[in-house]
Amino acid sequence: MTRSFIVLLCLFFAGTLTGSPRAAAQINEGSTYGPLPVFEFHSGFWVNLHHTLYQEAKFGAPQDSSSAADNDKAPGKNRPTLKTSPGAKFPLTPAEQRAWNEAVSYYTANYIDKDLLFTTELILIKNQLGDFDGCDELSGRKKETCNAGLPANLTHVLEAAAPVYRAHQWPSHDLANRRWVMRVAPLVREQGLGLSQRLADIYQTKWPKDKIRVDVCVYANRQGAYTTLDPLRVTISSTDPRNQGAEALEVLFHEASHGIAEPVQQAIIRECRQRQKGIPRDLWHALIFYTTGEVIRPVISSTTTDSTSGKVSTTSYTPYAIREGIYQRGWDGYLKLLTEFWQPYLEGKSTFDDAIARMVSAL
Ligand SMILES: [Zn+2]
């Protein structure tokens, strides 16, 4: 649930973007889940392999990798936990085990000190792997258009680990991803367009014309989802308990809001400069948590009437930031400001500029 501004420095990717098989991956995605408004969901093999290797290198192997598809039924939080015995639960041949261990070691040596969200190198790798969804190789040895232009060592490691992953983990990972998409798809179909328009209006901007690519992965980052810009892409964990049910819709729109909330940041900065105040860290982020929660709340909350007793009952929706205690992590002051000055704007009782100005003066 964080963001990163990316300047695309296509160093080792230079010259490899022509003939990308992205179109094939989109067609595949469309026929499985779509057409849906606003978002375009992908359960991509390479992106999942990449996040699985990163996860295992950083946190150890899951204790039962065969049950990934059922993880969403498990109680408690699915935050990464340190596990031992990498690969112990799936019966690999010695050669498979070697290839897998080499891949995990490569990730340990090269990537675990780097952040999936904040390191340009990892963002470029993730995006490039997404674009080569439709390829069963990355080197272009068999098919020229499948040369992803990744560093040679990484290409070698991923291609060696691919058959192991495909045989042992990918079927359950892909199933978990597809089930997650199937569950969220009706909500996106019903509410997606309306929510995107409402959020764009609130932030006084336009929603992106193209559908936002969402890479659905068994593992994302510690927060369960992250968004990278230029191009705007969301990576979300299909098994993280925080991303299930109606809550998945809020997480998707929170993440997408990272790509359109620039006018809020600019307005906060402008007001702070005018008042010679320090720019509050993360106020904009608290604001998009708050806003997405408030916009989703009436859509998800429902009123039902019992046909026999006639009793009316209301199921109210608790926004993510409240449910997960986000404001209690040092943002209590922001919540007060948002409730007092931003909420009237959401209710049409104040203007965007007034709301931001009042929040900043009250800081
Ligand atoms: Zn966020």
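These legends walk through several close-up views of a predicted model.

**View 1. The whole protein chain, as a starting point.** Welcome to the predicted model. The protein chain has 363 residues, and 52% of them count as buried. Its secondary structure comprises 12 helices and seven strands. Contacts in the chain often link distant stretches of sequence: among those with a separation of 6 or more, 73% join residues 24 or more positions apart. On the outside, the chain exposes about 16,400 Å², with carbon and sulfur atoms supplying 53% of that area.

**View 2. Strand β2, covered on both faces.** Here we look at strand β2, which runs over residues 39–42. In a regular strand, side chains alternate between the two faces of the sheet. In β2, Phe-39 and Phe-41 lie on one side, while Glu-40 and His-42 lie on the other. Are these four residues buried or exposed? Phe-39, Glu-40, Phe-41 and His-42 are all buried, so both faces of the strand are covered. The neighbour to look for is strand β3, residues 212–217, which pairs with β2 in the parallel sense over four bridges. To find one of these partnerships, start at His-42 and look across to Asp-215 in β3, its bridge partner.

**View 3. Helix α6 and its bend.** Helix α6 takes in residues 170–202, and its end C-alpha atoms are only 40 Å apart. A straight helix of 33 residues would span 48 Å, at 1.5 Å a residue. Where does α6 bend? Follow the helix to Gln-191, where α6 bends by about 55°. Just after the helix comes Gln-204, a residue that takes a positive phi of about 55°.

**View 4. The disulfide between Cys-135 and Cys-146.** How many disulfides does a search of the whole structure find? The search finds one, formed by Cys-135 and Cys-146, with their sulfur atoms 2.0 Å apart. The link of Cys-135 and Cys-146 is left-handed, with -80° about the S-S bond. Both cysteines sit in the loop between α4 (120–131) and α5 (152–168), so the pair ties together parts that are 11 residues apart in sequence. A disulfide is a covalent bond between the sulfur atoms of two cysteines. Cys-135 counts as buried at 5% relative accessibility, and Cys-146 is buried too, with a relative accessible area of 3%.

**View 5. Ile-236 and the residues around it.** Our next stop is Ile-236, found in strand β5, residues 233–237. Ile-236 is buried, with a relative accessible area of 0%. Which residues does Ile-236 touch, not counting those up to four places away in sequence? Its contacts include Trp-180, Val-214, Asp-215, Val-216 and Cys-217, along with Ala-220, Gly-224, Ala-225 and Asn-243. Ile-236 also touches Val-251 and Leu-252. Cys-217 is 19 residues from Ile-236 along the chain, yet their C-alpha atoms are separated by 6.0 Å. Cys-217 itself is buried, with a relative accessible area of 0%.

**View 6. Helix α7, mostly covered.** The last view shows helix α7, residues 247–257. How many of its 11 residues are buried? The count is 10, and the helix is mostly covered. Val-251 and Leu-252, among the residues that Ile-236 touches, are both buried members of α7. Other buried residues of the helix include Ala-248, Glu-250, Phe-253, His-254 and Ser-257.

Methods:
Residues numbered from 1 in each chain as written. Predicted model: local features only at pLDDT ≥ 70, side-chain atom pairs only at ≥ 80, totals over all residues. Heavy atoms only, no water. Buried < 20%, exposed > 50% of the residue type's maximum accessible area, 1.4 Å probe, protein only. Helix = DSSP H or I, 4+ residues; strand = E, 2+ residues; numbered from the N terminus. Pairing = 2+ DSSP bridges. Expected span 1.5 Å × (residues − 1). Bend = angle between axes of the 7 residues up to and from the residue. Contact = heavy atoms within 4.5 Å. Areas by Shrake-Rupley, 256 points an atom, 1.4 Å probe, with all protein chains shown as cover. Disulfide = S-S within 2.5 Å.
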